[in-house]
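Got the viewer open? Follow along and select each stop as we go.

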Amino acid sequence: MRQLKVAVIHSHVEKSLKAADTLYKLLTARGHEINREQPDIVISVGGDGTLLSAFHLYNHKLDKVRFLGVHTGHLGFYTDWRDYELEELVETLCTNQEKSVSYPLLDVRIKYRNGKPDKHFLALNESTIKRGNRTMVADIYIKDELFERFRGDGLSVSTPTGSTAYNKSVGGAVLHPSINAFQLAEIASLNNRVFRTLGSPIVVAQQEWVEIKLQDSTDYLVTIDQFNIQQDHIDSVHYRIADERIHFASYRHMHFWHRVRDAFIGDL
Ligand code: NAP
Ligand code: MN
């Protein structure tokens, strides 16, 4: 039996607090160590949002950490375990016979006009660019070639696992997470006889990159998952599939389309 260092990140609803408490007891009884600094396994207890938070706490250690999601509310896209299955979960961790899976992440690089150093982020769901209260005008380059001039509210760039989140709300396609690609979707584009964009979401291949060059302004808002990054004088934002991936431990191979139906359609 192997001994693991485990961190538990939970939401603050009653059910999650209880489940986290049960987990601590089960884990320590099995000789595992609770260790938030250098964990081998990060267990998130709550919803998809809780797993997003856990991801950002450990996003600098992705090669060492395996994630695992317990849901205390509805079935999520990153959460496969129920709060009444905790014993089985801890058991699976011990036997080392887990099935693991990894998903692509989005690499985001923000470049500035005023000589400030670039900022670099990883997104698990998506990154969006929006503008305060005026039309956002942006030139979209794919592999360094101008593709279109966008005018509208903004743009969303999502990972395959993020495709069921914000991307879906703005009319993007749901992508199976085994597809190593990212998706660019428009947010309320302006289309008329003068201004023209493609008007549909596009799926960009793994070896390609997208650069969004912005007009000089101080009121852009860039988001990375649940975080807002208010930025002035952004020159451009560069997107590609990250070299890093997120690894899940003890993943249950639930049929992806079953999850999608369960989340968005319900019983037939
Ligand atoms: P939140 O406002 O609590 O989350 C919004 C909802 O999105 C929650 O129901 C959350 O599930 C769900 N969600 C998160 N990741 C998902 C995924 N990959 N697939 C399907 N649903 C997903 O904020 P949050 O929990 O911190 O999550 C941040 C994310 O919310 C952002 O990355 C963005 O994708 C999404 N969001 C969506 C909209 C929109 O659709 N208009 C607006 C803002 C943010 P849980 O309840 O399980 O946490
Ligand atoms: Mn949430």
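Select Arg30 and Glu91, and show their side chains: they form a salt bridge, with the closest N and O atoms 2.5 Å apart. Keep in mind that this is a predicted model. Arg30 sits in the loop between H1 and strand S2 (33-34), while Glu91 belongs to helix H3, so the pair ties together parts that are 61 residues apart in sequence. Are the two partners buried or exposed? Arg30 is partly exposed, with a relative accessible area of 28%, and Glu91 also counts as partly exposed, at 38% relative accessibility.

Now pick Lys15 and Asp83. Their side chains meet in another salt bridge, 3.9 Å from N to O. Lys15 is in helix H1 (residues 14-29) and Asp83 in the loop between strand S5 (81-82) and helix H3 (86-95), so here the linked parts are 68 residues apart in sequence. Lys15 is partly exposed, at 44% relative accessibility.

For a pair of neighbours, go to Asp63 and Lys64. The N-to-O distance in this salt bridge is 3.7 Å. Both Asp63 and Lys64 are exposed. Next, select Asp107, Arg240 and Asp243 together: salt bridges with shared partners join these residues into one network. How many salt bridges does a search of the whole structure find? It finds twelve. As background, side chains of opposite charge can pair when their charged atoms come close.

Time for the ligand. Select ligand 1 and expand to its shell: 16 residues surround it, and the closest are Asp48, Gly49, Glu126, Thr164 and Ser169. Which polar side-chain contacts are worth drawing as dashed lines? Try these:

- Glu126: a polar side-chain atom lies 2.4 Å from an oxygen atom of ligand 1.
- Ser169: a polar side-chain atom is 2.5 Å from an oxygen atom of ligand 1.
- His74: an N or O atom of the side chain is 3.2 Å from an oxygen atom of ligand 1.

If you like surfaces, switch one on: ligand 1 taken alone exposes 810 Å², and the protein buries 60% of that. Helix H2 (48-57) and helix H4 (166-169) are the elements that give two or more residues to the shell around ligand 1. H2 gives the most, with three residues.

Colour the shell by class and you should get five nonpolar, eight polar and three charged residues. Then recolour by domain. Domain 1 (5-98 + 251-264) and domain 2 (105-245) each supply at least three residues to the shell around ligand 1.

Stay with H2 for a moment and select the whole helix. How many of its ten residues are buried? Seven are, and H2 is mostly covered. The buried residues are Asp48, Thr50, Leu51, Leu52, Ala54, Phe55 and His56. While you look down the axis, recall that an α-helix has 3.6 residues a turn, so residues three or four places apart point the same way.

On to the backbone. Most residues other than glycine have a negative phi. Select Lys143, which goes the other way: its phi is near 50 degrees, a positive value in a residue other than glycine. Lys143 lies in the loop between strand S9 (136-142) and strand S10 (145-158), and is partly exposed with a relative accessible area of 41%.

Asp225 is another one to click, with a positive phi near 50 degrees. You'll find Asp225 in the loop between strand S14 (220-224) and strand S15 (227-231). Is Asp225 buried or exposed? At 8% relative accessibility, Asp225 counts as buried, because the cut-off for that label is under 20%.

Last, get the distance tool out. Arg134 is in the loop between strand S8 (126-131) and S9, and is exposed, with a relative accessible area of 57%. Pick its C-alpha and that of Gly154: the two residues are 20 apart along the chain, and the atoms are separated by 10 Å.

Finish with a longer span. Leu75 lies in the loop between strand S4 (66-71) and S5, and counts as buried at 19% relative accessibility. From the C-alpha of Leu75 to that of Asn192, 117 residues apart along the chain, the separation is 41 Å.

Terms used
Residues numbered from 1 in each chain as written. Chains lettered and ligands numbered in written order. Predicted model: local features only at pLDDT ≥ 70, side-chain atom pairs only at ≥ 80, totals over all residues. Heavy atoms only, no water. Near = heavy atom within 4 Å. Polar contact = N/O pair within 3.5 Å; in protein donor to acceptor, adjacent residues only side chain to side chain. Areas by Shrake-Rupley, 256 points an atom, 1.4 Å probe, with all protein chains shown as cover. Helix = DSSP H or I, 4+ residues; strand = E, 2+ residues; numbered from the N terminus. Nonpolar A, V, L, I, M, F, W, Y, C, P; charged D, E, K, R; others polar. Domains from an automatic or database assignment. Salt bridge = Lys/Arg side-chain N within 4 Å of Asp/Glu carboxyl O. Buried < 20%, exposed > 50% of the residue type's maximum accessible area, 1.4 Å probe, protein only.
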